[in-house]
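Student: Could we go through this structure together? I would like to begin with the overall picture and then turn to the details.
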Amino acid sequence: MKLYNVKSKSSSISYAGVLEKVEILSSTLRWAAKLERPEIQKLLNQCNSLRDEVMQLSHKERFVQASSKRTPKNASAAERRQALVDRSFVFEGVFGENPKLLESLEVAQKVAPTDLPVLIDGESGTGKELMAKVIHANGRRSDGPYITVNCGAIPDSLLESELFGHKKGSFTGAISDRKGKFESAEGGTIFLDELGELPLHSQVKLLRVLQSNEIQRVGSDELIEVDTRVVAATNKNLRQLSEEGTFREDLFYRLSVIHVTLPPLRERRDEIQLLNEFFCDEAAESLNRAPIKMSASLLRFLERYDYPGNIRELRNIIYRLSCLAGDTADLEHLPDHLRAGPAAPATSGAIATTEVASGSLSELKKAASDQAEREFLEIGLQETGGKVAELARRIDMNRSHLQTLLKKHGISSRDFRAKAGAGSAAKA
Ligand SMILES: Nc1ncnc2c1ncn2[C@@H]1O[C@H](COP(=O)(O)OP(=O)(O)O)[C@@H](O)[C@H]1O
Ligand SMILES: [Mg+2]
C-alpha cells in the first residue's frame with residue numbers, strides 16, 4: 001500500500017495545514033495493510049506527539065482563526081467536517097459526519113474558547129463524556145487539569161466534600177483539611193457527569209459557584225475564589241425535572257446557556273458502518289489480533305439493531321465479537337439477549353404490506369423501532385427474572401434510563417418478578 005506523503009500536499013505551513021496532514025496520515029496508517037503492527041503503532045505514536053506539539057505552539061492563533069472563518073450554510077457534511085479541521089479543531093477521536101453530530105461539534109468549537117458553562121445531554125453512551133473532553137481540548141484551558149465528578153456515583157453525604165472540599169473536624173472522618181474537585185480543577189475544566197443526580201442542597205452551592213466563582217469548603221466560612229470552567233452532562237430531561245421540582249430552575253437556566261444535545265445512535269444510522277470499522281480496528285489493536293470480518297447477516301443485524309446503549313453498546317459488541325470470533329464473526333457470536341432480541345434479521349417481515357400502503361416510511365420505522373424496543377425489554381426482563389438493575393448491567397445501560405424506557409412502554413418489572421417467582425414456586 002502506498003503511504004500518504006506528508007510533504008507533498010501543500011508547501012504553505014500553517015497550523016491548520018499541519019494538523020490536517022496529521023489527521024490524514026493517521027487515518028491512512030490505520031488502514032495500511034502491508035505494514036507490521038509494531039511499525040504502525042510507532043508511526044501512530046509519532047502522529048500523536050506531532051499533534052501535541054502543534055497544539056502547544058499557539059492556542060491563540062487557532063482561536064483568532066476560529067472566530068474569523070464561517071462555514072457556508074449549505075455546506076455538505078464533508079465540507080463541514082473539513083471546515084472544523086481547517087480551524088484546527090481537536091476531535092479527540094470523535095467519528096462521524098451525521099448532521100446532528102456536526103452541529104454539536106460546531107457548537108463545541110464556538111463555545112470551547114469561552115468560559116461559559118456547557119450542558120450536554122443525550123442518552124447513555126451517546127458520547128457526552130467524549131464531547132466534554134472535546135470542549136476542554138479546544139479551549140484555552142487545555143493545558144490545565146480536566147477533572148471528572150460522577151454525581152450519581154458518590155453518596156449524597158460525601159458529594160459536597162468531594163466537590164468543594166472540607167475543613168478538618170467538619171464531620172466524622174474529616175481528619176484533615178482537604179481541597180475539593182473544584183479547587184483541583186483550578187485553571188482547567190470540571191466535568192460534572194450525571195448532573196441530574198445532584199441533590200437539591202448541592203444544587204444551591206453549585207449555582208453559587210457559577211454566579212460568583214467562589215466556593216466554601218464544608219465546615220468553613222472562608223470564601224475561596226476558583227477559576228474553573230464547568231461542563232455538565234445528563235441523560236435526564238432537566239427541564240422536566242425542574243418542572244417537577246427536583247432540579248432547580250435557576251441552575252438549569254444558568255447551565256443551559258449553551259446546550260448541546262447528542263443524538264441517539266438509532267437516529268444516526270448512517271454512522272453505524274463507519275463506527276463499526278473504527279471499533280473493529282481499535283479492538284484488533286487492543287486485543288493484538290487481525291481485525292475481524294463480518295458475515296452478511298451479522299452486518300445486516302448491526303445496521304438494523306436499535307442500540308439502546310448507543311455507541312458504547314456498539315463498541316462493546318464489537319469488542320466481544322473481536323474476542324470470540326475467529327476470522328469471521330457471525331450472529332452466533334452475539335450475546336444471547338441480542339440474538340433472542342426482536343431486532344434480529346427475522347423481524348424484517350414485521351411490517352405488513354397493508355401498513356406499507358397506508359403509512360409514511362418514517363412512521364413505519366418508528367413503529368417498528370418501538371416494537372423492537374418493547375420486545376427487547378420484555379425478553380431482557382424475562383431473562384433476568386424482572387431484575388431491572390441486572391438487566392441494566394447486562395445491556396450496559398444506565399439504570400434510570402432503562403426505567404424511563406420501561407415507563408414509556410408501560411412495562412412493569414414487578415409483573416416479571418411475579419412470573420419468575422411463580423415459575424420457581426411451581427418447580428419446587
Ligand atoms: N462520535 C464518536 N466517535 C467515536 N467514539 C465515540 C463517539 N461517541 C462516543 N464514542 C465512544 O463511545 C463510548 C461511550 O461514550 P461516552 O462519552 O462515555 O458516552 P456517555 O458519556 O454519553 O455515556 C466511549 O467509548 C466513546 O469513546
Ligand atoms: Mg457517561
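Tutor: The questions below go from the whole protein to the ligand, the sheet and some single residues. Please keep in mind that this is a predicted model.

Student: How many helices and strands are there in the protein?
Tutor: The protein has 20 helices and nine strands. Of its 428 residues, 29% count as buried. Among contacts between residues at least 6 apart in sequence, 73% join residues at least 24 apart.

Student: Now the ligand. Which residues come nearest to ligand 1?
Tutor: Phe95, Gly127, Lys128, Glu129 and Arg312 come nearest, out of 16 residues around ligand 1. By class, this shell consists of five nonpolar, seven polar and four charged residues.

Student: Which domains supply the shell?
Tutor: Domain 2 (94–263) and domain 3 (266–358) each give at least three residues to the shell around ligand 1. As for helices, at least two shell residues come from each of α6 (128–137) and α14 (310–324).

Student: Let us stay with α6. Is the helix enclosed or open, and why?
Tutor: Helix α6 is largely enclosed by the rest of the structure, because seven of its 10 residues are buried. These are Lys128, Met131, Ala132, Lys133, Val134, Ile135 and His136. Lys128 therefore appears twice in our account: as a buried residue of α6 and among the residues that come nearest to ligand 1.

Student: And what do the buried residues of α6 pack against?
Tutor: Their partners are helix α5 and the strands β1, β2, β3 (189–193), β6 (229–234) and β7.

Student: What is the strand order in the sheet?
Tutor: The order is β2-β3-β6-β1-β7, an open sheet of five strands with parallel pairing. The edges are β2 (146–150) and β7 (258–261); each has a single partner strand, so one side of each has no neighbour in the sheet. From one strand to the next, the twist averages 20 degrees.

Student: How many bridges join β1 to β7?
Tutor: Four bridges join β1 (residues 118–121) to β7, and the two run parallel. Within this region, Val118 of the protein is placed opposite Ile258 in β7.

Student: What lies across those two strands?
Tutor: Helix α5 (residues 99–111) lies across β1 and β7, and runs at about 150 degrees to β7.

Student: A change of topic: what about backbone angles? Which sign of phi does Glu92 have?
Tutor: Glu92 has a positive phi of about 55 degrees, although it is not a glycine. Most residues other than glycine have a negative phi. Glu92 sits in the loop between α4 (77–86) and α5. Glu92 counts as partly exposed because 15 other C-beta atoms lie within 10 Å.

Student: What is the phi of Asn213, and where is that residue?
Tutor: Asn213, also not a glycine, has a positive phi of about 55 degrees. Its place is the loop between α9 (200–212) and β4 (214–215). Asn213 is partly exposed, with 15 C-beta neighbours inside 10 Å.

Student: One last residue. Where is Gly188, and what does Gly188 touch?
Tutor: Gly188 is in the loop between α8 (181–184) and β3. Leaving aside residues up to four places away in sequence, Gly188 touches Arg141, Gly144, Pro145, Tyr146, Ile147 and Thr228. Gly188 and Tyr146 are 42 residues apart along the chain, and their C-alpha atoms are separated by 5.8 Å.

Student: Is Gly188 buried or partly exposed?
Tutor: Gly188 is partly exposed, with 19 other C-beta atoms within 10 Å; a residue counts as buried from 20 such atoms.

Notes. Residues numbered from 1 in each chain as written. Chains lettered and ligands numbered in written order. Predicted model: local features only at pLDDT ≥ 70, side-chain atom pairs only at ≥ 80, totals over all residues. Near = placed C-beta within 6 Å. Nonpolar A, V, L, I, M, F, W, Y, C, P; charged D, E, K, R; others polar. Domains from an automatic or database assignment. Pairing = 2+ DSSP bridges. Axes fitted to C-alpha atoms, helices over the stretch in contact; angles between N-to-C directions. Contact = placed C-beta atoms within 7 Å. Buried ≥ 20, exposed ≤ 12 C-beta atoms within 10 Å, placed from the backbone.
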